[in-house]
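I opened a new page for this protein today. I wanted a first tour, written down as I went.

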Amino acid sequence: TDGGEQGESLSDAASRELEEETGLPANKVYLEQLYTFGDPGRDPRGRTITVAYYALVRPDLVQLLDAGTDAAEARWFSMAEEVGQLDLGFDHATILQTALERIRGKIDYSPLALRLVPPTFTIAQLRQVYEAIKGLTYDPGNFRRRFKRMQTDGVIEIAPGKRQTGTKPARVYRFGQ
């Protein structure tokens, strides 16, 4: 909502910044407020409060990313392999770790994974999302049982068509309406 002379809301500012710095409109990605960071001394330049948001971008939208002026040097990093090696400023490593923990916890009880697969997907594609987020390798049979529970619960349903993934076409699914 427009605050007039008072400026914009936090969510509007996050959406605007996301679009300015990535070229992706907020309605194309999942954007959520993460946490407010405000410990004294977190920024040696002075008292700073950060309201952090995170966005989840489906792989099929990655090619649409267009880095803005503030993010011209931006690139993708692996949370599992690279982020711990980076020399991040202030408490930014804590912010990233907090986001990862939130996403890892939330994927088990919410439809968060639907934001990271194409509109129709295979069981293997969904398993890859879970593995990437959790940092674990799932046994395909055990994951298939989890998947079937999601189907029984109406979270996932069979979609029309098949996808060629190797020697034989794989059934595709979508998240329930």
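My entries below go from the whole chain to single spots.

**Entry 1: the whole protein.** I noted that this is a predicted model. I then looked up the secondary structure and found four helices and four strands. I followed the order from the N terminus and wrote down α-β-β-α-α-α-β-β. I checked the extent of the C-alpha trace, which spans about 60 × 40 × 30 Å along its principal axes. Of the 177 residues in the protein, 29% are buried. I also looked at contacts with a separation of 6 or more: residues 24 or more positions apart account for 48% of them.

**Entry 2: helix 1.** I started with its length. Helix 1 covers residues 10-22, which makes 13 residues. At 1.5 Å a residue, I expected a span of 18 Å, and the end C-alpha atoms are 18 Å apart, so the two agree. Next I asked which residues of helix 1 are buried. They are A14, L18, E21 and T22. I looked down the axis of helix 1: these buried residues fall within an arc of 85°, so they line one face of the helix. What do they pack against? I found strand 1 (30-37) and strand 2 (50-56) there. Just past the helix I came to G23, with a positive phi, near 80°.

**Entry 3: T122.** I moved on to a loop. T122 lies between helix 2 (92-106) and helix 3 (123-134). Is T122 buried or exposed? Its relative accessible area is 4%, and the cut-off for buried is under 20%, so T122 counts as buried. I then listed its contacts, leaving out residues up to four places away in sequence. T122 touches R163, T165, A170, R171 and V172.

**Entry 4: a pocket.** I looked for empty space and turned to the second largest pocket, which holds about 280 Å³. Of the 13 residues that line this pocket, I123, A124, R144, A170 and R171 are the closest to its centre. A170 and R171 were already on my list as contacts of T122. I asked which elements each supply at least two residues of the lining. They are helix 3, helix 4 (140-152) and strand 4 (169-175). Strand 4 gives the most, with four residues. Sorted by class, the lining has six nonpolar, two polar and five charged residues.

Terms used: Residues numbered from 1 in each chain as written. Predicted model: local features only at pLDDT ≥ 70, side-chain atom pairs only at ≥ 80, totals over all residues. Heavy atoms only, no water. Expected span 1.5 Å × (residues − 1). Buried < 20%, exposed > 50% of the residue type's maximum accessible area, 1.4 Å probe, protein only. Arc of directions from axis to C-beta. Contact = heavy atoms within 4.5 Å. 1 Å grid on protein atoms, 1.4 Å probe; cavity = no way out; pocket = protein on both sides within 12 Å on 5 of 7 lines; lining within 4 Å. Points joined across faces, edges and corners; volume = space filled by probe spheres on them. Nonpolar A, V, L, I, M, F, W, Y, C, P; charged D, E, K, R; others polar.
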